[in-house]
Amino acid sequence: MKTYLQNVNAMLLLRRCHRLNPFGPLSIDRNQVAPVVASCAVRLCSSSNDQRFHQHGFSVSWRHVLAGLLAGTGAVLAYGLHHHKAIEKSSPLPIISQEEVTKHRSLKDGVWVTYKGGVYDITEFVSMHPGGEKIMMAAGGAIEPFWSLYAVHNQEHVLDILSGYKVGELNAEDLKKQYTFKSSDPYSSDPERHPVLHANSLKPFTAEPPPEILSDSYITPTAFFFKRNHLPVPQVDPDSYRLHVEGLPRGVLTLSLEELKTRFPKHTITATLQCAGNRRSEMNKAKQVKGLNWGVGAIGNATWSGAKLRDVLLAAGYGPDVAQWARHVQFEGLDKEITGSAYGASVPINKAISEEGDVLLAYEMNGEDIPADHGFPIRVVVPGVVGARSVKWLGKIVVSAEESSSHWQQKDYKGFSPGIDWDTVDYKSAPAIQELPVQSAITTPREGSVIDRSEEMLAAKGYAWSGGGREVIRVDVSLDGGKTWNVAKLKSSDKEGDQTSPPLGRAWAWKLWEITVPLPPEAQELELICKAVDNSYNTQPDTFGPIWNVRGLLGNAWHRVKVKINEDDDEE
């Protein structure tokens with residue numbers, strides 16, 4: 001995220017240099033510099049917003065900008081930030097009332113926010129930022145409450161970007177009113193997590209276990225199951241909890257937790273959930289992407305128990321007449337943004353209503369009540385589908401002709417061509433991710449491990465899984481970078497030698513694999529590779545380049561781990 005925002009910073013500098021360097025009108029002969037640079041400079045600072053800075057007495061020679069452009073973006077940035085601070089000290093900005101700030105809440109009227117007493121016009125930044133819609137929630141008011149929720153933005157490099165948009169100071173009376181309101185940390189009630197987890201972000205909390213833990217047990221212990229929260233963990237009273245089912249002819253069906261447990265048969269499935277960004281760190285090495293830098297641990301396998309979604313929909317009035325128009329089932333969580341909008345997602349109606357779809361409204365995970373981090377008291381479990389659709393802290397179900405309108409359904413968790421970047425991405429052009437592609441990874445040995453030659457054999461372990469209920473039928477392992485291959489032994493449970501096949505199309509759980517092979521003679525370093533094959537004979541691509549995408553999703557190229565061999569010196 002830091003690198004991404006630094007890139008945004010540079011982009012803003014190039015496109016809007018008057019923001020960081022509020023210079024006056026062009027005052028040098030453009031023919032004195034290279035035509036390309038001159039042309040760029042004209043485009044950078046031709047804007048009606050320059051007038052605002054002229055009104056404050058800002059007028060500096062263009063030579064500084066052109067010199068910076070010739071020296072490179074970094075020079076312009078350094079000069080711009082330094083000069084901007086100097087201007088703030090020498091030329092006080094106007095005093096602005098909160099009433100005036102509130103008038104600027106749209107792209108038409110301008111987008112203004114306040115931060116620690118400063119007033120900032122971020123109109124142009126909103127139009128360039130991929131998360132512009134989220135920023136609009138803060139329009140006309142203070143940004144501090146939003147940054148307590150989206151805490152990743154409250155960092156120095158973000159403040160540097162914001163500093164270039166300052167247009168005034170909030171008047172003392174309105175500032176005093178702001179500080180009488182103390183916004184509590186919405187993450188303060190989050191549950192404790194096991195210290196072995198590697199956190200990718202703290203607010204919201206996202207974390208994965210060490211890779212070797214994943215292959216230690218067929219069922220991932222709840223404490224070590226990866227955590228992927230999008231918002232603060234809600235505190236839900238199980239006694240007052242109510243699930244609302246809407247969109248069906250009988251009206252709204254409201255169910256308590258006790259009713260979900262007693263009115264409907266309890267079903268148990270073993271299913272793997274995987275984040276769409278699993279292994280993003282490897283895709284990042286091919287080319288930078290935007291998103292959490294997951295390793296191979298954004299995946300886990302658990303037993304889930306609860307009522308079938310199908311049973312609940314039938315009880316709510318789903319029938320042949322509804323089937324004529326219904327296309328999707330929408331889910332809405334109880335985890336909410338500061339504006340009150342909740343995390344949401346949807347799945348196709350055929351998956352939701354199918355007897356063999358096995359979609360659960362789960363209240364147990366690994367034989368116990370689902371813990372807070374995983375959706376207490378109820379979460380959807382949609383087996384064979386990306387984890388983002390298994391909505392936690394479920395509060396509402398809606399049968400609809402339309403997909404969920406949630407940000408996470410419409411403007412995230414979608415895949416794009418490697419040729420698409422943030423300037424050309426069109427979220428409407430791609431379907432929301434549902435079933436995931438075939439996947440596998442090496443959990444042990446880890447990258448950079450040292451194997452003693454005296455051991456003579458190399459033991460490797462890992463996991464393999466495929467979306468859509470497709471069973472993994474083979475895992476191939478190479479010790480020489482893919483020149484030769486060996487077939488690994490698969491495990492379908494923790495029982496030794498268990499290779500039981502699930503019903504066709506309902507292979508919801510992963511396979512663990514292991515292999516022991518002789519160390520190649522004279523080799524000093526090995527490149528271990530694994531690749532899985534499912535029962536549709538889908539397999540993994542060999543590299544990330546052809547599947548690269550701007551969000552770093554669906555990363556399932558061959559997993560590669562390099563290890564070194566330590567020669568035995570005892571014979572000398």
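**Two sheets in a predicted model**

Modeller: In this predicted model, strand 13 (residues 328-336) and strand 14 run antiparallel to each other and share 6 bridges.

Colleague: What makes strand 13 and strand 14 a pair?

Modeller: The cut-off is at least two bridges found by DSSP. Strand 13 and strand 14 have 6, so they count as paired. At one position along them, histidine 328 lies opposite proline 348 of strand 14.

Colleague: Which sheet is that, and what is the strand order?

Modeller: An open sheet of 5 strands, in the order 10-9-18-13-14, with mixed pairing.

Colleague: Why are strand 10 and strand 14 called edge strands?

Modeller: Strand 10 (253-256) and strand 14 (342-348) each pair on one side only. From one strand to the next, the twist in this sheet averages 20°.

Colleague: How do you know that strand 19 and strand 21 are paired?

Modeller: By the bridge count again. Strand 21 covers residues 457-465, and strand 19 pairs with it in the antiparallel sense over 5 bridges; the requirement is at least two, so the pair qualifies. Isoleucine 442, for instance, has glycine 462 in strand 21 as its bridge partner.

Colleague: What sheet do strands 19 and 21 belong to?

Modeller: An open, antiparallel sheet made of 4 strands, ordered 19-21-25-24.

Colleague: Why does one side of strand 19 and of strand 24 have no neighbour in the sheet?

Modeller: Because strand 19 (439-444) and strand 24 (489-491) are at the edges, and each has a single partner strand. The average twist from one strand to the next is 30° here.

Terms used: Residues numbered from 1 in each chain as written. Predicted model: local features only at pLDDT ≥ 70, side-chain atom pairs only at ≥ 80, totals over all residues. Heavy atoms only, no water. Axes fitted to C-alpha atoms, helices over the stretch in contact; angles between N-to-C directions.
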